[in-house]
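User: I should like to go through the terms used for this model and the grounds on which each one rests. Please set the values against the cut-offs wherever a step of reasoning needs them.

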Amino acid sequence: MIRNILILTINDLAISLQNKTLYLVLFIPLFVFVSLNLVDGDEPNARKIRIGLVEKASYPPAMIQGLQSADPVFVVSWHPNEAEGKQWLKDRDGDGILVPAGSEGEGSDLIVLAKASFQTVAIFEGISGLQRALEGKGKNWISEIISLQEEGIQRQMLPTWILMLVLLVGFIVLPTQVAEEKEKKLLLGLLQTPVREMEWLLAKVCLGMILIGVAALFLHLLVMFAFDRGSGLDYIVFLIAGGFCFSSFGILVGFLCRTQASARTLGVLFYLPHLLPSALADFSTTLNRVAPLLPSYQFYQPVKSILLDGDGLAEFPLELLSLFGVGLFTLLLSYWLMKKRWLM
């Protein structure tokens, strides 16, 4: 009995090695470890903090002198008024702006894009440390932290959930279905009919885009999200671009695998590196530099700006072109593999 159990266990381990499941088990902890080290590095203030100040506003002289003298930590930018400072912040050219709070002597309000971000923590800790070094204990220079994104947690998290849905369909659902049709020889049989390779590929892309659209629509209905005027159409365009990009990418992943099990494994290997760096980019300067290299970030950042900041499609032409470019490139690669009857 023990011998049979041992033989079956070894056989299952061999199968897990053959279908790449063991690689997945080892990859996930390794990837989480690397991501956590990027988010919580030992040098959170390696990049200078970009602080905006309003001209003709009244600030404590010690604070202005301290910020201007702390060149290794802060970069100070002056703006004619508070409105231009907020636009500078929305354009992500800065990390935060300081405006006088109420009457003179009540400190300054720190305006940031989002309270729960790496930049906000770095600004508050940096200014508090500078104040302690210059004045010791006293009334804090920052009286309140104000976020430009005042929506609730459901609205704040909506872009992340949308990204998860798009990547789930692209890297988990579609690769498994493509690999299943290859594994069961259904695709070879279908190609013996008048159906051509590009027709089959376009049908799969349409399937992925429809699944993504239905999932996103259902999510919006559940959270009862209200679009700003004019932003709904811009959001739909980016959802179509993201659906095309990751549906084509998912088909390519499916063609790289022989079985459904290996497709699921390889799909997760693409899913996590596209999800976490993009979603956590606001919490790490390192991830903020790495994430823009991923097509998921080119989808996530515009969608986030459209949904939360009310930005328009015209502000993200390069991101839109990159999504369609990646989608077209991966679709052509899939077509080439299909013509070669890759792993069929």
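User: What is the order of the strands in the open sheet?

Analyst: In this predicted model, the order is β2-β1-β3-β4-β5, and the pairing of the five strands is mixed. Neighbouring strands are turned by 30° against each other on average, with direction ignored.

User: What makes β2 and β5 the edge strands?

Analyst: Strands β2 (74-79) and β5 each pair on one side only, and they are accordingly the edge strands.

User: How do you know that β4 pairs with β3 and with β5, and which way do the strands run?

Analyst: Two strands pair if at least two bridges are found between them. Strand β3 (residues 96-100) is joined to β4 by four bridges, and the two run antiparallel. Between β4 and strand β5 (residues 142-147) there are five bridges, and these strands run parallel. Both counts satisfy the cut-off of at least two, so both are pairings. As for individual positions, L98 has L110 as its bridge partner in β4. On the side of β5, S108 stands opposite I142, and I111 stands opposite I146.

User: Why is strand β4 called largely enclosed?

Analyst: A residue is buried when its relative accessible area is under 20%. In β4 (residues 108-112), five of the five residues are buried, so the strand is largely enclosed by the rest of the structure. This holds for both directions of the side chains: S108, L110 and V112 point one way, D109 and I111 point the other way, and all are buried.

User: Why is I236 called partly exposed?

Analyst: The term covers values between the buried limit, under 20%, and the exposed limit, over 50%. I236 has a relative accessible area of 45%, and is therefore partly exposed. The residue is found in helix α9.

User: What makes the nonpolar surface patch, and which helix gives the largest share of its residues?

Analyst: The patch of about 380 Å² is made by L233, I236, I240 and F324. Its largest share, three residues, comes from helix α9 (residues 231-255). A patch residue needs over 30% relative accessible area; I236, at 45%, therefore meets this condition.

User: How many aromatic pairs are there, and why is the pair of F171 and F249 called edge-to-face?

Analyst: The count comes to eight aromatic pairs. For F171 and F249, the centres are 5.2 Å apart and the planes stand at 80°. Centres within 6.5 Å make a pair and planes over 60 degrees apart make it edge-to-face, so both conditions are met. The pair links distant parts of the chain, with F171 in helix α6 (residues 153-183) and F249 in helix α9, 78 residues apart. F171 has a relative accessible area of 0% and F249 one of 13%; each value is under 20%, and both residues are therefore buried.

User: What makes F246 and F299 an edge-to-face pair, and which helices hold them?

Analyst: Their centres are 6.5 Å apart and their planes 75°. The distance is within 6.5 Å and the angle is over 60 degrees, so the pair is edge-to-face. F246 lies in helix α9 and F299 in helix α12 (residues 295-309), so the pair ties together parts that are 53 residues apart in sequence. Both residues are buried.

User: Which residues form the aromatic cluster?

Analyst: One cluster is formed by F171, F246, F249, F270 and F299.

Terms used
Residues are numbered from 1 along each chain as its sequence is written. This is a predicted model: local features need pLDDT of at least 70, side-chain atom pairs count only at pLDDT 80 or more; totals for chains, interfaces and linings use all residues. Side-chain values use heavy atoms; hydrogens and water are left out. Patches are made of residues with over 30% relative accessible area and no salt bridge: like charges are joined within 9 Å, nonpolar side chains (Val, Leu, Ile, Met, Phe, Trp, Tyr) within 5 Å. Accessible areas come from the Shrake-Rupley method with a 1.4 Å probe; for residues, only the protein chains shown count as cover. A salt bridge is a side-chain nitrogen of Lys or Arg within 4 Å of a carboxyl oxygen of Asp or Glu. Buried means under 20% relative accessible area, exposed over 50%, partly exposed in between (1.4 Å probe, protein chains only). Rings of Phe, Tyr and Trp (its six-membered ring) pair if their centres lie within 6.5 Å; planes under 30 degrees apart count as stacked, over 60 as edge-to-face and the rest as tilted. Axes are lines fitted to C-alpha atoms, for helices over the stretch in contact, and angles run from 0 to 180 degrees between N-to-C directions.
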